[in-house]
Amino acid sequence: ENDRVTDVQVLTPPPHEPGLIPKWVYESGADTVITGGIGQKAKDMFKSLAVQVVSGAPEMPPEELVQQHLRGELSASGTTCSRH
């Protein structure tokens, strides 16, 4: 709200299975995902659900990542996952 974090919820994601996480994120009400690395297939799934993907983010507390993103200060390299 007004570029500030006003509420924090910690949710337990479902098991890591192809296609499950993007749908869960969308159904949880998120419109943006900030991640370190992510595969192209997952990026495409998020895009099909109108969920923005910010990849290549540094490792830091989630609240700090969100604050930097909201201020337009998050340095994310766009790194993708090389795991097959």
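Reader: Why does Leu 20 count as partly exposed?

Author: The model is a predicted one, and in it Leu 20 has a relative accessibility of 33%. Buried would need a value under 20% and exposed a value over 50%, so 33% puts Leu 20 in between, as partly exposed.

Reader: Where is Leu 20 found, and which residues does Leu 20 touch?

Author: Leu 20 belongs to helix H1. Leaving aside residues up to four places away in sequence, Leu 20 is in contact with Pro 14 and Pro 15. Glu 73 is 30 Å away from Leu 20, C-alpha to C-alpha, with their positions 53 residues apart in sequence.

Reader: What makes Pro 13 buried, exposed or partly exposed?

Author: The relative accessible area of Pro 13 is 44%. That value is neither under 20% nor over 50%, so Pro 13 is partly exposed too. Pro 13 has its place in the segment before H1 (20-27), and it touches Ile 21 and Trp 24, not counting residues up to four places away in sequence.

Reader: Let's move to the strands. How do you know whether Thr 35 is buried or exposed?

Author: Its relative accessible area is 19%. The limit for buried is under 20%, so Thr 35 is buried. Thr 35 lies in strand E1, residues 32-35. Along this strand the side chains alternate: Val 33 and Thr 35 point to one face and are buried, whereas Thr 32 and Ile 34 point to the other and are not.

Reader: What makes E1 and E2 a pair?

Author: Pairing asks for at least two bridges, and E1 and strand E2 (residues 52-55) have 4, in the parallel sense. The two strands therefore count as paired. Across in E2, Ser 55 is the bridge partner of Thr 35, and Val 53 is the bridge partner of Val 33. Together with helix H2 (residues 40-48), E1 and E2 make a right-handed β-α-β unit.

Reader: Which residues make up the largest nonpolar core?

Author: There are 5 of them: Val 25, Val 33, Ile 38, Phe 46 and Val 51. To belong to such a core, residues must be buried and joined through side-chain atoms within 4.5 Å. Val 25 touches Ala 30, Val 33, Phe 46 and Val 51, not counting residues up to four places away in sequence. In soluble globular proteins, nonpolar side chains tend to be buried together.

Reader: Why is Ala 50 called exposed?

Author: Ala 50 has a relative accessible area of 64%. Exposed means over 50%, so Ala 50 meets that cut-off. Ala 50 is found in the loop between H2 and E2.

Reader: What is the phi of Ala 50?

Author: Ala 50 has a positive phi of about 60°, although it is not a glycine. Most residues other than glycine have a negative phi.

Reader: And how much space lies in the largest pocket?

Author: About 2,000 Å³. Of the 47 residues that line the largest pocket, Val 25, Ala 30, Thr 32, Val 33 and Ile 34 are the closest to its centre.

Reader: Which helix gives the most to that lining?

Author: Helix H3 does, with 6 residues. H1, E1, H2 and H3 (62-70) each supply at least two residues of the lining.

How values were computed
Residues numbered from 1 in each chain as written. Predicted model: local features only at pLDDT ≥ 70, side-chain atom pairs only at ≥ 80, totals over all residues. Heavy atoms only, no water. Buried < 20%, exposed > 50% of the residue type's maximum accessible area, 1.4 Å probe, protein only. Contact = heavy atoms within 4.5 Å. Right-handed = clockwise from strand over helix to strand, strands pointing away. 1 Å grid on protein atoms, 1.4 Å probe; cavity = no way out; pocket = protein on both sides within 12 Å on 5 of 7 lines; lining within 4 Å. Points joined across faces, edges and corners; volume = space filled by probe spheres on them.
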